[in-house]
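I opened a new structure today and kept notes on what I looked up. The entries follow in the order I made them.

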Amino acid sequence: MMVALDNDENNGIDWLFDGEKEFLNSKGPSVRISDEEVCQNFISEDHATELYDLLRCTHEIFSNFNISYWLTGGSMIGYLRHGGIIPWDDDIDICILRKDKDKVLSSAVVQAFERNKTHIVADFSYNIENTSLHKIYRNTAKSNAVKGGKVPYPFIDIFWMLEPNEFYDTIRFLSPGNDAHWISPSELYPLQTIKFGPVTANAPADPLPQLDRGYGEEWKSEGQLHTLDHVIKQGKGGPRKVFNVTPFLNVCAKWDESKMTSKVILPDS
C-alpha cells in the first residue's frame, strides 16, 4: 500500500530521505579515515559522466521553459570546493520553489524530458510517496549501475522549497530535517550561472551563509562519506566516516566528454 504524505512541516520521517549525509548533518559516532580509504569510495567515471549529462539535459529544458532552479547541499559544496561533483558523492541536488511544481510536472515539460529518454517522478523509494522530493533519471544508463529500488541510478533530487509567507521571510525546505538550511531571498537572487564540471548550472547569488548555517564552517575543509549507497540502495552501517579534504582530495569527479549527449532535444528543435 502506498501512502501519500503531504505535510508542510516536519512529519517525523527523517529516515525517509536518502540524502541524509548532506541534509540531516548527523553528529553521531564517527571515525577519521585516510585519503586512501576516501579514494576507494570515489564515484566511477561512467557514473559521473551520466550525472553531468543528466544535469546538462535538466538545465537546458528548465531554461527553455523559464523554470528557476539552483544547486544545493552537497552539490553546492561540490561547486565551491571542487568545481563540480564531489568525487565521493553520487547524486546531484537541486531546489525549485513549490509554487513552480505544477509547471515542472506539466505535460509539456514532462514530454520534453521524455524526448531525451529522461523522466521526472515522485520519490517512492520506501513505498511511501515523499511529496517534498521528486527525482530526475534517465532510462538509458551506459554504466553497470545496479538498478535497485524505485528509481534507476543515477538521478537528480529535486527538493521543493517553501517561498516566504506571512510567518517566514525565508525560503525553506519542505522536507524535514533541514531547518538550518533556509536561504533568504537576498542570498538566493539573482541566480548566477556557473560552470559545474563540464556543464552549466544555476546557483544562489551568495550560497556561503546557507552552507555555514547548515553545516558549520567545517564544510570548507572536512568531508564525510555517504551513509547510504544510492547505487545498490543499501545503508553502509557503522559510524560516520569523516576526513580532512586535503589537496589530494580537492578535485571534482572525472568525466568522459565523448560519452555525453551531443545535443539536448528541445521543443521545436
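Entry 1. Before reading any strand partners I noted the rule: two strands count as paired if DSSP finds at least two bridges between them. I also noted that this is a predicted model.

With that rule I looked at strand β3 (residues 70-71), which pairs with β4 in the antiparallel sense over two bridges. I found L71 opposite I94 in β4. On to the parallel case: β4 pairs that way with strand β7 (residues 155-162), over six bridges. I looked up I96 and found W160 as its bridge partner in β7.

Entry 2. I stayed with strand β4 (residues 92-97) and asked how many of its residues are buried. The count is six of its six residues, so I wrote the strand down as mostly covered, with buried meaning under 20% relative accessible area. I then sorted the side chains by direction. I92, I94 and I96 point one way from β4, while D93, C95 and L97 point the other way, and all are buried. I added a general reminder: in a regular strand the side chains alternate between the two faces of the sheet.

Entry 3. I stepped back to the whole chain. I listed eight helices and 14 strands. Of the 269 residues in the chain, 52% are buried. I also looked at contacts with a separation of 6 or more, and 70% of them are between residues 24 or more positions apart.

Entry 4. Next I took an open sheet of three strands, in the order β2-β14-β11, with mixed pairing. Which strands stand at the edges? They are β2 (30-32) and β11 (222-224); each has a single partner strand, so one side of each is left without a neighbour in the sheet. From one strand to the next the twist averages 30°. I checked one pairing in detail: β11 and strand β14 (residues 240-244) run antiparallel over three bridges. There Q224 stands opposite V242 in β14.

Entry 5. I turned to helix α6 (residues 107-115), where the buried residues are V109, A112 and F113. They cover an arc of only 95° around the axis, so they lie on the same side of α6. These buried residues pack against α3 (45-64), α5 (101-104), β5 (118-123) and β6. After α6 comes K117, with a positive phi near 55°.

I did the same for helix α8 (residues 208-215), whose buried residues are Q210, L211, G214 and Y215. Their arc is only 100° around the axis, which puts them on the same side of α8. G216 follows α8 and has a positive phi, near 80°. The general background is that an α-helix has 3.6 residues a turn, so residues three or four places apart point the same way.

Entry 6. I looked up R138 and asked whether this residue is buried or exposed. R138 counts as buried because its relative accessibility is 14%. R138 sits in strand β6 (residues 128-138). The side chain of R138 makes a polar contact with the side chain of T118 at 3.1 Å. A polar atom of that side chain also lies 3.5 Å from the backbone oxygen of N116. Among the residues R138 touches are D53, L54, C57, K117, P154 and T261.

Entry 7. Last, I checked cysteines. C57 counts as buried, at 1% relative accessibility, whereas C39 is partly exposed, with a relative accessible area of 26%. I searched for disulfides, and the count comes to zero.

How values were computed. Residues numbered from 1 in each chain as written. Heavy atoms only, no water. Helix = DSSP H or I, 4+ residues; strand = E, 2+ residues; numbered from the N terminus. Buried < 20%, exposed > 50% of the residue type's maximum accessible area, 1.4 Å probe, protein only. Polar contact = N/O pair within 3.5 Å; in protein donor to acceptor, adjacent residues only side chain to side chain. Contact = heavy atoms within 4.5 Å. Axes fitted to C-alpha atoms, helices over the stretch in contact; angles between N-to-C directions. Arc of directions from axis to C-beta. Disulfide = S-S within 2.5 Å.
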